[in-house]
Amino acid sequence: MSEASEKQASSPSGGIGVVIVAAGRGARAGQADGPKQYQRIGGRAVIAHTLDIFLAHPMIGTVVVAIHADDAELFERAAGGHGGRLVTVIGGSSRQASVRLGLLALKDHAPGKVLVHDAVRPFVDAAIIDRTIEAIDDRQGALPCLPVAETLKRESAAGMIEETVSRAGLHAAQTPQGFPYGSLLAAHEKAHTLGKEDFTDDAAIAEWAQIPVKIVPGSPDNVKLTWARDIALADQRLSSALARFPDIRTGNGYDVHAFEPGDHVTLCGVAIPYDRKLSGHSDADVGLHALTDALLATCGEGDIGTHFPPSDPQWKGAASKIFVEHAAKLVRERGGRIANADITLICEAPRVGPHRAAMTQALVAMLGIAPERISIKATTNEKLGFVGRGEGIAAIATASVVYPGDVPA
């Protein structure tokens with residue numbers, strides 16, 4: 001598990017806040033389907049691909065999207081099915097103004113960290129997001145960059161080469177750019193009050209506000225779609241991938257824990273009052289343990305004990321959501337998208353039905369998928385065996401994951 005994931009697991013709920021900047025007009029890319037963030041690549045709007053990546057990341061909480069006042073209908077069509085973690089605001093007349101309005105919309109969610117990302121960078125991946133988050137602390141921000149590779153020339157007023165510029169130490173900035181939330185908002189508010197509206201990215205505002213910014217490795221794939229040719233190449237890239245058979249894998253998991261004296265059981269991330277508890281090294285959440293094994297099975301990553309040995313004292317009493325989020329991260333790192341999670345809890349008591357909605361929402365947060373892709377069921381063992389005698393609880397889980405296809409159609 002990454003350092004960032006461990007920190008987030010012990011931080012208050014709400015996750016990392018995100019501002020997606022999507023209020024521009026994008027005229028350079030043409031207007032066939034509206035501004036470039038709504039043009040279609042791989043059969044879907046550019047911004048839909050961008051939202052997929054952030055909403056699938058377990059550390060991400062609320063995502064604010066700054067849109068143009070004229071684009072509400074376009075955004076609603078593009079973002080359909082992305083669930084209730086999205087907040088929209090009407091952006092300003094510049095990127096800087098839109099980011100400030102997005103940051104203000106996050107105020108009630110009080111994230112400790114915030115990422116700012118261009119909607120037209122749909123090929124950002126979880127690894128870049130992880131690197132950026134890990135580099136943010138209370139004093140500094142983080143900027144994914146690529147070293148400049150081309151030789152740089154300065155043009156004269158007459159259109160001739162005036163000089164060759166050394167590229168030593170020069171980097172091309174990407175997004176997401178990450179910062180301590182309070183520091184970035186304060187910098188934006190100060191710039192707004194002083195009428196300074198000429199910053200082209202948030203790292204520039206941070207520099208002006210004397211917030212240190214650490215460079216982290218970007219990715220050549222994390223391109224910004226600017227021109228019509230960029231849109232066409234992105235569509236070709238995604239359409240080629242879609243023309244291959246999807247690699248759909250299904251994993252199963254099973255777990256069982258005995259009862260011992262206590263006052264509650266934890267099932268699928270929800271504490272249920274009861275006159276006993278489940279015995280185990282962690283919180284003994286049988287549902288999440290079974291689901292962790294099911295997810296790991298889809299990418300050949302062993303089982304829960306491989307990653308979280310019960311002999312390791314650091315996992316004593318640990319919340320099992322840590323295990324599920326770790327397994328989901330491994331799935332994403334291999335390009336997988338979780339299509340479905342199905343858990344059956346087998347017990348005589350306590351009753352699961354009254355807590356099913358809360359369990360579903362807990363799994364939505366852990367997996368970053370829509371609630372309709374999650375199924376939680378309960379059944380008794382008809383008084384048979386150890387479960388029927390009320391000696392413990394068992395769980396069976398199945399996970400379906402779609403990985404990039406590798407067989408030509």
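These legends accompany an overview and several close-up views of a predicted model.

**Figure 1. The whole protein chain, with its 13 helices and 19 strands.** Let's start with the overall frame. Along the principal axes, the C-alpha atoms occupy a box of roughly 90 × 50 × 40 Å. The radius of gyration is 24 Å, which agrees with the value near 22 Å that a compact globule of 409 residues would have. Of these 409 residues, 48% count as buried. If we take contacts between residues at least 6 apart in sequence, 73% of them join residues at least 24 apart.

**Figure 2. The surface and charges of the protein chain.** About 19,000 Å² is exposed, and carbon and sulfur atoms supply 53% of that area. For anyone setting up electrostatics, the chain carries 40 positive and 47 negative side chains. The centres of these two sets lie 2 Å apart.

**Figure 3. Pro122, a buried loop residue.** Here we zoom in on the loop between strand S6 (113-118) and helix H5 (126-135), where Pro122 is found. Its relative accessibility is 6%, and because buried means under 20%, Pro122 counts as buried. Leaving aside residues up to four places away in sequence, Pro122 touches Ile41, Val46, His49, Thr50, Ile53, Val223 and Leu225. Arg40 gives a handy distance to check: Pro122 and Arg40 are 82 residues apart in sequence, while their C-alpha atoms are 11 Å apart in space.

**Figure 4. The hairpin of strands S14 and S15.** Strand S14 (residues 264-267) pairs with S15 in the antiparallel sense, over four bridges. Two residues lie between the strands, and Cys268 in the turn has a positive phi of about 50°. Across the pair, Val265 stands opposite Ile272 in S15.

**Figure 5. The two faces of strand S15 (residues 270-273).** In a regular strand the side chains alternate between the two faces of the sheet. In S15, Val270 and Ile272 point to one face and are buried. Ala271 and Pro273 point to the other face and are not buried. Ile272 is also the residue that Val265 stands opposite in the hairpin view.

**Figure 6. The hairpin of strands S8 and S9.** Our last stop is another antiparallel pair, in which four bridges join S8 (residues 152-155) to S9 (residues 161-165). Five residues lie between these strands. Gly159, in the turn, has a positive phi of about 80°. Look across the strands for Arg154, which stands opposite Glu163 in S9.

Terms used. Residues numbered from 1 in each chain as written. Predicted model: local features only at pLDDT ≥ 70, side-chain atom pairs only at ≥ 80, totals over all residues. Heavy atoms only, no water. Rg over C-alpha atoms; globule rule 2.2 N^0.38 Å. Buried < 20%, exposed > 50% of the residue type's maximum accessible area, 1.4 Å probe, protein only. Contact = heavy atoms within 4.5 Å. Areas by Shrake-Rupley, 256 points an atom, 1.4 Å probe, with all protein chains shown as cover. Lys, Arg positive; Asp, Glu negative; His and termini not counted. Charge placed at Lys NZ, Arg CZ, Asp CG, Glu CD. Pairing = 2+ DSSP bridges.
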